[in-house]
Amino acid sequence: MTTSTPRSPSPSGSSSGSSSSSSGSGPDSLSGFPGLALAALLLTGTLALYTAFVAFGNITDFGTNQQFVRHVLAMDTTFGDEDLMWRAITSRGVQDAAYVAIVVWETVAALVLIAGTWFWARRDTVRARRWSTYGLLMLMLLFGAGFIAIGGEWFAMWQSEDWNGLDAATRVFLMSGVVLLVNQLPGATRRP
């Protein structure tokens with residue numbers, strides 16, 4: 001059994017031993033404030049921009065995704081299995097109310113993520129983490145619970161070749177989860 005002894009830094013400032021790079025506390029480590037905070041800022045900002053564009057698109061081109069929601073809730077392009085069709089919602093009023101709720105949720109999530117991005121940029125890490133977490137969880141609820149679970153399974157969206165948004169929902173859900181993890185890493189809030 002061998003033991004490693006700490007080595008003195010070389011003239012370039014890096015340690016000649018291999019233990020400092022694996023500890024996560026060296027000056028070149030990504031666990032320090034600048035690296036992870038920058039990653040949290042950029043990743044949160046990317047999702048804020050994406051969500052703002054989605055909300056803006058749904059507001060300015062209201063009818064396109066309104067039709068998507070109507071078809072998913074009506075289950076009119078699924079296999080038509082009688083054991084599932086009782087779940088269909090055919091009332092246009094309820095369908096449109098669901099769509100408006102989705103657009104409002106997306107808009108609020110975008111604003112919350114923009115606030116989180118702003119706080120990351122200002123290095124107010126406590127508020128940045130809090131606001132980013134709220135916005136990212138809003139996205140995960142919308143795309144995970146809303147589109148994947150309710151739309152995909154309850155309304156059998158997976159059966160539709162024309163009105164199936166599961167791939168897009170899964171991408172946003174997973175991306176939001178990754179960004180949430182980066183926001184929660186301890187090094188993201190550490191000061192230099």
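Two worked exercises on helix packing and cores follow.

This is a predicted model, in which local features need pLDDT of at least 70, side-chain atom pairs count only at pLDDT 80 or more, and totals for chains, interfaces and linings use all residues. Residues are numbered from 1 along each chain as its sequence is written, and side-chain values use heavy atoms, without hydrogens and water.

**Exercise 1.** Find which residues have the most contacts inside the largest nonpolar core, and which helices supply that core.

*Solution.*
- Step 1. Apply the term: a nonpolar core joins buried Ala, Val, Leu, Ile, Met, Phe, Trp, Tyr and Cys through side-chain atoms within 4.5 Å. Buried means under 20% relative accessible area (1.4 Å probe, protein chains only).
- Step 2. The largest such core has 29 residues, and Phe143 and Phe147 have the most contacts inside it.
- Step 3. H2 (33-60), H3 (62-74), H5 (92-121), H6 (125-154) and H7 (166-184) each supply at least two residues. Helices are DSSP runs (H or I, at least four residues), numbered from the N terminus.
- Step 4. H6 gives the most, with 7 residues.

**Exercise 2.** Classify how H3 packs on H5, and sort the contact by class.

*Solution.*
- Step 1. The angle is about 125°, with the axes 9 Å apart. Axes are lines fitted to C-alpha atoms over the stretch in contact, and angles run from 0 to 180 degrees between N-to-C directions.
- Step 2. H3 is therefore oblique to H5. Oblique is what remains after under 35 degrees (roughly parallel), over 145 (roughly antiparallel) and 65 to 115 (roughly perpendicular).
- Step 3. Residues in contact (heavy atoms within 4.5 Å) include Phe62 and Leu73 in H3, and Tyr99 and Ile102 in H5.
- Step 4. The contact has 8 nonpolar, 3 polar and 3 charged residues. Nonpolar here covers Ala, Val, Leu, Ile, Met, Phe, Trp, Tyr, Cys and Pro; charged covers Asp, Glu, Lys and Arg; the others, Gly among them, are polar.

How values were computed
Buried < 20%, exposed > 50% of the residue type's maximum accessible area, 1.4 Å probe, protein only.
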